[in-house]
Structures are given as C-alpha cells and as structure tokens.
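Good morning, colleagues. I should like to take you through a few local features of the structure on the screen.

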Amino acid sequence: MKINNLEKFLEKVRSGKTALGGLVTFTDPSVTELAAEAGFDFVFIDGEHGVMDRNTAMLHLMAVRGTDCASFYRVPACDHTEIKRIIDFGPAGIIVPMIMDAEDARRAVDAMRYPLTGSRGCGFRRCVGYGAEEIDPYWEVAKKEPLVILQIEHIVAVQNLDSILAVPGIDGILVGPYDLSTSMGKSRQWYDPEVAGVYDLVARRVKEAGLLLGASLDGEYAAWKKRGVDFIAIRCDYGAMMEGFKNAIDHYQNI
C-alpha cells in the first residue's frame, strides 16, 4: 500500500539487494520521519521494549508516508489483542517476538489474516484511508499485507525451526542475535563457532523455505550478507545519537 511502502521494500529485496533498516525506540515520531528521510529502506519500530503506546505507534507508521521507507512494527508479544491494536494502522509488516514453536507461529498468522484464513477482526480505519477507499479491494490486499515476520531468538525455537517454517502464511524470519546467543549461554559472542553455526543453520533453513531472511546487526555485516540476508537493521536511534554526540565531543576537544 502507498501508506506503508511495502512494494518498494519488496522490489529491493527481490532485486537481490539487501534492504537496510533503522531500529526506532524513541516515542517521538520525528525519529521515524528522520530515519526515512535519511534513506533507510525500512524502519523497525519497536513496540516490544520501551514505552510505545497505541497512539504513538500510529504516528510512527504515519511518518513514513511520502517516503521510500517501509514501516515494520514489532508488537510486545505473540498475542491476538496486541496485533489487533496495530494492524488496522496499515504497517508494511508486523514483527512478532519470541516465537518458540509451530503453535506460536500459527497464532501469529491467524491474528493477521481475515476469515476464513485467520481470525483478524474487521476494524477498518487507516488501512482503507478512513473510508476514502473501497473495502472490497482491500480484502485482496489484506491476504498478503502486512508481512508476517516472526522472530527466532531462542535456542528452543531453533530446535523447533522446521515445524515453525512449515506453518503456512509466514513471510519472513527475523533472527534476534542478542537473545538467541544469550539462550545458548554465550551472550553476544557473535564469533563463537557454536553461535555462528546456529546463525548459519537458521539462515539456511529460512532460505530453503523460500522466506525472507532478516536480522539485526550484531557485529559483522559481511557474515550476514554471506548468509543471504534480505533485510537487516543496521543502526538504532539511541546508538546513532550517542555515537554522533561522542564523535562531536571528540572532534571539538581535539581542535
């Protein structure tokens, strides 16, 4: 849809290029607007950690309109109500955290699709231009939007990966490197052979399933490129701000 720029995102990843994204945690929607203007292919708006509320979420999703940046929103949990609170705002994709097994995956898909495929409720708002657009064409759009993106971020989920990937209706998998490595007792040990091997395994299985592979940058971008990553969040708002401030201080202190 034109309000979420999903087509532009998919055009990039289908061309074989990696879509680059920014992680947004601050509540001010101008941060998302800034990230879009900076040239990111997508924004990863984080409603799991932090203090985003429903109204703030909508403002962030609105902030990408008129840009080339797609809007992805991470809900707090694999919960029908949490997904319902966001989906009618028209995000390009909904990221569902901490998927542990096939049942979790089925619940996520079910919440994002209308009957008879799923159980999404009919709360038409921003997704149909507040009534400016016809509902019937939107029924067709809603069969494939928003993207269903599930996070694999625990070793138990990796053990259940094949059954998770077999669930119909999943569009992509996003690897959560921090939580995944921590669940292995090797927090942030990105280059440990066992941790890297798990990343390799997940990436291979996801690509074999024909799904989009996503990640958050944990260290070496080249490693994820080699794994065939389709989209990757390379910078978060607070990290970019801290780095920028520190660089500015260092620069002027040394003049």
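Let me begin with a term: helices and strands here are DSSP runs, of at least four residues for a helix (H or I) and at least two for a strand (E), numbered from the N terminus. Please bear in mind that this is a predicted model.

With that numbering, Asp28 sits in the loop that joins β1 (19–24) to α2 (29–38). Is Asp28 buried or exposed, or something in between? Its relative accessible area is 42%, so Asp28 is classed as partly exposed. Across a sequence separation of 24 residues, the C-alpha atoms of Asp28 and Met52 lie 9.5 Å apart.

A second loop, between α3 (54–62) and β3 (70–74), holds Gly66. Gly66 has 74% relative accessibility and therefore counts as exposed. Gly66 and Ile3 are 63 residues apart in sequence, yet their C-alpha atoms are separated by 7.6 Å.

I turn now to helix packing. Helix α4 (residues 80–87) packs with helix α5 (residues 102–112) at an angle of about 35 degrees, and the two axes are 9 Å apart. The crossing of α4 past α5 is right-handed. Which residues make the contact? From α4 they are His80, Ile83 and Ile87; from α5, Ala108, Asp110, Ala111 and Met112.

Finally, the surface. Phe26, Tyr238, Met241 and Phe245 together form a nonpolar surface patch of about 420 Å². Of these, Phe245 belongs to helix α12 (residues 237–253). Phe245 counts as exposed because its relative accessible area, 53%, is over 50%.

Thank you for your attention.

Conventions:
Residues are numbered from 1 along each chain as its sequence is written. This is a predicted model: local features need pLDDT of at least 70, side-chain atom pairs count only at pLDDT 80 or more; totals for chains, interfaces and linings use all residues. Side-chain values use heavy atoms; hydrogens and water are left out. Patches are made of residues with over 30% relative accessible area and no salt bridge: like charges are joined within 9 Å, nonpolar side chains (Val, Leu, Ile, Met, Phe, Trp, Tyr) within 5 Å. Accessible areas come from the Shrake-Rupley method with a 1.4 Å probe; for residues, only the protein chains shown count as cover. A salt bridge is a side-chain nitrogen of Lys or Arg within 4 Å of a carboxyl oxygen of Asp or Glu. Buried means under 20% relative accessible area, exposed over 50%, partly exposed in between (1.4 Å probe, protein chains only). Axes are lines fitted to C-alpha atoms, for helices over the stretch in contact, and angles run from 0 to 180 degrees between N-to-C directions. A crossing is left-handed if the near helix is turned anticlockwise from the far one by less than a right angle, and right-handed if clockwise. Contact means heavy atoms within 4.5 Å.
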